[in-house]
Amino acid sequence: MSGKIVMITGASSGFGAACARVFAEQGNRLVIAARRLDLLQRLRDELSGRVPVHAAVLDVREREAVQAFVAALPEEFCAIDLLVNNAGLALGLEPAQQASLDDWDTMVDTNIKGLMYCTRAVLPGMVARNRGQIINVGSTAGAWPYPGGNVYGGTKAFVEQFTRNLRADLLGSRVRVSCIAPGMAETEFSTVRFKGDLQKAGKVYEGTEPLTAGDIAGIIKWISDQPEHVNINHLEVMSVFQSWAPFAVHRG
Ligand code: NDP
Ligand code: 8X3
């Protein structure tokens with residue numbers, strides 16, 4: 001794939017920034033969005049010698065802003081070929097009975113509603129052009145529960161099922177939709193989850209070789225590089241340092 005228009009949400013760090021670098025290497029035009037403009041500008045400065053880059057603040061939780069953002073894209077960026085719905089976060093690891101409702105709201109608003117808004121804003125153009133692709137970033141947490149994963153896992157289960165239902169709606173068009181479900185990857189993810197506690201965040205990856213943002217960006221590129229009649233529905237990926245545990249049993 002080259003010379004396409006790729007929009008990446010949550011491009012200021014982690015998977016999103018790595019995707020921007022990978023898609024720039026292929027000569028694609030980039031629309032990069034997130035809340036932290038300084039980081040986006042740095043990324044744009046790094047990549048804009050190679051490809052055209054449109055960098056702008058977008059909080060995916062703001063429904064009207066998402067619609068306006070897509071509607072007002074400059075002409076050379078407006079016919080989006082690939083949307084990487086990546087913006088998302090986990091907040092907290094407390095059991096449900098102690099978790100913060102504000103954190104739960106933020107995860108639902110970002111991981112579910114934000115992804116919905118971006119999809120709804122971009123999809124009509126893709127369907128009209130009978131061309132395009134959406135790659136949603138889910139998580140192993142969407143299929144495999146763990147203590148404290150409560151609402152985060154629930155939001156990622158939504159991403160998985162929404163992806164499949166989009167495919168059902170899009171049958172008859174050539175628009176492709178995929179969900180990639182990564183396991184533990186070292187990005188700003190844990191720093192955000194633990195609200196800036198770097199020590200706690202670092203412990204998540206200690207003694208392991210987690211997935212990297214570059215690993216995930218490479219896989220997202222591979223999904224997009226498949227022949228246009230090939231749709232990867234779901235792709236789950238883990239570091240070899242991660243696996244499942246047996247069912248937990250409480251003996252009272
Ligand atoms: P990072 O924290 O490094 O990146 C998250 C990105 O999302 C940032 O660019 C952040 O930008 C953006 N973001 C968060 N909230 C919003 C918002 N309201 N509007 C727009 N952008 C937002 O973590 P990752 O790269 O790891 O996370 C990317 C995606 O991957 C998430 O959906 C995450 O759930 C998922 N994931 C992560 C895994 C991991 O272990 N790291 C594993 C599986 C899935 P800014 O703060 O500037 O807005
Ligand atoms: C991120 C992976 O296992 O921390 O989605 O939930 S995990």
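**Overall fold.** I began with the secondary structure of this predicted model and found 8 helices and 9 strands in the protein. I then looked up the radius of gyration, which is 18 Å and close to the 18 Å that the globule rule gives for 252 residues, so the protein is as compact as a globular protein of that length. I noted that the C-alpha trace spans about 65 × 40 × 35 Å along the principal axes of the protein. Buried residues make up 37% of the 252 residues, and of the contacts with a separation of 6 or more, 69% are between residues 24 or more positions apart.

**Strands β2 and β3.** I went next to strand β2 (residues 29–34), which pairs with strand β3 (residues 53–57) in the parallel sense over 5 bridges. Within this pair I found that Ile32 has Ala55 in β3 as its bridge partner. I followed the chain from β2 through helix α2 (residues 37–47) to β3 and recorded the β-α-β crossover as right-handed.

**Strand β4 and its neighbours.** I turned to strand β4 (residues 82–85), where Leu82 and Val84 point one way while Leu83 and Asn85 point the other way, and I noted that all of them are buried. With strand β1 (residues 5–9), β4 pairs in the parallel sense over 3 bridges, and there I saw Val84 of β4 as the bridge partner of Ile8. With β5, β4 also pairs in the parallel sense, over 4 bridges, and in that pairing I found Leu83 opposite Ile134 of β5. I also recorded that β4, α4 and β5 make a right-handed β-α-β unit.

**Helix α4 and the loop after it.** In helix α4 I looked up Met116, which counts as partly exposed because 17 C-beta neighbours lie inside 10 Å, short of the 20 at which a residue is buried. From Met116 to Ala128 I noted 12 residues in sequence and 19 Å in space, C-alpha to C-alpha. In the loop between α4 and β5 (133–137) I came to Asn130, whose phi is near 50°, a positive value in a residue other than glycine. Asn130 counts as exposed because it has 10 C-beta neighbours inside 10 Å.

**A second positive phi.** I then checked Lys195, which lies in the loop between α6 and α7 (198–205) and has a positive phi of about 55° although it is not a glycine. I entered Lys195 as exposed because it has 11 C-beta neighbours inside 10 Å.

**Around ligand 1.** I listed the surroundings of ligand 1 and found 31 residues, of which Gly10, Gly14, Arg35, Arg36 and Gly88 come nearest. The elements that give two or more residues to this shell are α1 (14–25), α4 (101–129) and α6 (189–193), and I noted that α1 gives the most, with 3 residues. By class, I recorded the shell around ligand 1 as 14 nonpolar, 12 polar and 5 charged residues.

**Around ligand 2.** For ligand 2 I found Ser139, Thr140, Ala141, Gly149, Gly183 and Met184 as the surrounding residues. I recorded this shell as 2 nonpolar and 4 polar residues, with no charged residues.

How values were computed. Residues numbered from 1 in each chain as written. Chains lettered and ligands numbered in written order. Predicted model: local features only at pLDDT ≥ 70, side-chain atom pairs only at ≥ 80, totals over all residues. Rg over C-alpha atoms; globule rule 2.2 N^0.38 Å. Buried ≥ 20, exposed ≤ 12 C-beta atoms within 10 Å, placed from the backbone. Contact = placed C-beta atoms within 7 Å. Pairing = 2+ DSSP bridges. Right-handed = clockwise from strand over helix to strand, strands pointing away. Near = placed C-beta within 6 Å. Nonpolar A, V, L, I, M, F, W, Y, C, P; charged D, E, K, R; others polar.
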